[in-house]
Amino acid sequence: MYAALHSEQTKFFSFGWCILGIFGAVVVPLCYLLTLNVPKTGGEKEILSLCLQALYLGHPGVIVASAAYFGQEYSNSALRTTLLTQPSRLKIACIKFLNNVLIIVITGVVTSVICLFVLYIQHDMKLSSVYELMITGSLSVSILSWIQIALITAALSVITKSLIVPLAIMLPLMLGLSHMFFSISQSAKFLPTLATMNFFSIPESTVFLEKWSGLGVQFIWALLLVISSTFIFSHRNVR
């Protein structure tokens, strides 16, 4: 298990698009905070709001990394070799999803720490135990949203056998297409890219789903797509 996981990590970090996605998930939020022109005397909630907004901008990087990691098996015709080294397709799927989650968690933690450090310097933050607990809880759930978006993207890559298709679906939705759909129909708030909007917004917006309801909707999307993609992957012929 450990050897297979280590092999998948090597595969992840040997593909340029995966590295680019992780780099973007860290650097884009940082650039947002460094170039943001706001008063340096914000309160605790304002500072937390800035950090959450920055983390929201890391979603595209997560999408690129996840789509590239799973899509390279098809774009580079590497799946045959992968199946030769590990014939159990179910085990391959579990290891790849697990590896994806671990990398996203580490990336999310690193990004959160960097963003908080920048905000600490910019605003001369004075941390209390209550504020630290609030920050930890909010950022943890934000990283959970990263994980679920990553799983949804990865599952779409498996289902479509493509690196490009999940990018063509998820990136436009994350970068504004879902908001355009929402302006047409209120049902668009159930899209996975809009369901957790209130976790990245302080104060909460009443037009989007309540925080925990939105997280549940996004979880259902991730669960259904991961189960479907695993089933398809386990039974699909390799050509």
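**Exercise 1. Disulfides**

Determine how many disulfides this predicted model contains, and explain the result for cysteine 51 and cysteine 115.

Solution. The count comes to zero disulfides.
- Step 1: A disulfide is a covalent bond between the sulfur atoms of two cysteines. The cut-off applied here is a pair of sulfur atoms within 2.5 Å.
- Step 2: For cysteine 51, the closest cysteine sulfur belongs to cysteine 115, at 5.0 Å, so the two are too far apart for a bond.
- Step 3: Starting from cysteine 115, the closest cysteine sulfur is that of cysteine 51, again at 5.0 Å and too far for a bond.
- Step 4: As for exposure, cysteine 51 has 0% relative accessibility and therefore counts as buried. Cysteine 115 is buried as well, its relative accessible area being 0%.

**Exercise 2. Secondary structure and the span of H6**

List the kinds of elements in the protein, then check whether the span of helix H6 agrees with its number of residues.

Solution.
- Step 1: The protein has nine helices and zero strands. Read from the N terminus, the order of elements is α-α-α-α-α-α-α-α-α.
- Step 2: Helix H6 covers residues 89-123, which is 35 residues.
- Step 3: The expected span takes 1.5 Å times one less than the number of residues. For H6 this gives 51 Å.
- Step 4: The end C-alpha atoms of H6 lie 50 Å apart, so the span agrees with the expected value.
- Step 5: After H6 comes aspartate 124, which has a positive phi, near 50°.

**Exercise 3. The nonpolar core**

Identify which residues of the largest nonpolar core touch the most other members, and state which elements give two or more residues to this core.

Solution.
- Step 1: The largest nonpolar core holds 64 residues, and those touching the most other members are Phe12, Leu33, Ile63, Ile104 and Leu167.
- Step 2: Two or more residues come from each of helix H2 (16-35), helix H3 (44-56), helix H4 (59-75), H6, helix H7 (129-160), helix H8 (164-184) and helix H9 (211-235).
- Step 3: H7 gives the largest share of this core, 14 residues.
- Step 4: Leaving out residues up to four places away in sequence, phenylalanine 12 touches Cys18, Ile22, Ala65, Tyr69, Gln72, Asn99, Asn100 and Ile103.

**Exercise 4. The whole chain**

Describe the burial, contacts and exposed surface of the protein.

Solution.
- Step 1: Of the 239 residues, 49% are buried.
- Step 2: Among contacts with a separation of 6 or more, 76% are between residues 24 or more positions apart.
- Step 3: The exposed area is about 11800 Å², and carbon and sulfur atoms supply 71% of it.

Note on methods: Residues are numbered from 1 along each chain as its sequence is written. This is a predicted model: local features need pLDDT of at least 70, side-chain atom pairs count only at pLDDT 80 or more; totals for chains, interfaces and linings use all residues. Side-chain values use heavy atoms; hydrogens and water are left out. Helices (H or I, at least four residues) and strands (E, at least two) are DSSP runs, numbered from the N terminus. Buried means under 20% relative accessible area, exposed over 50%, partly exposed in between (1.4 Å probe, protein chains only). Contact means heavy atoms within 4.5 Å. Accessible areas come from the Shrake-Rupley method with a 1.4 Å probe; for residues, only the protein chains shown count as cover. A nonpolar core is a set of buried Ala, Val, Leu, Ile, Met, Phe, Trp, Tyr and Cys residues joined through side-chain atoms within 4.5 Å.
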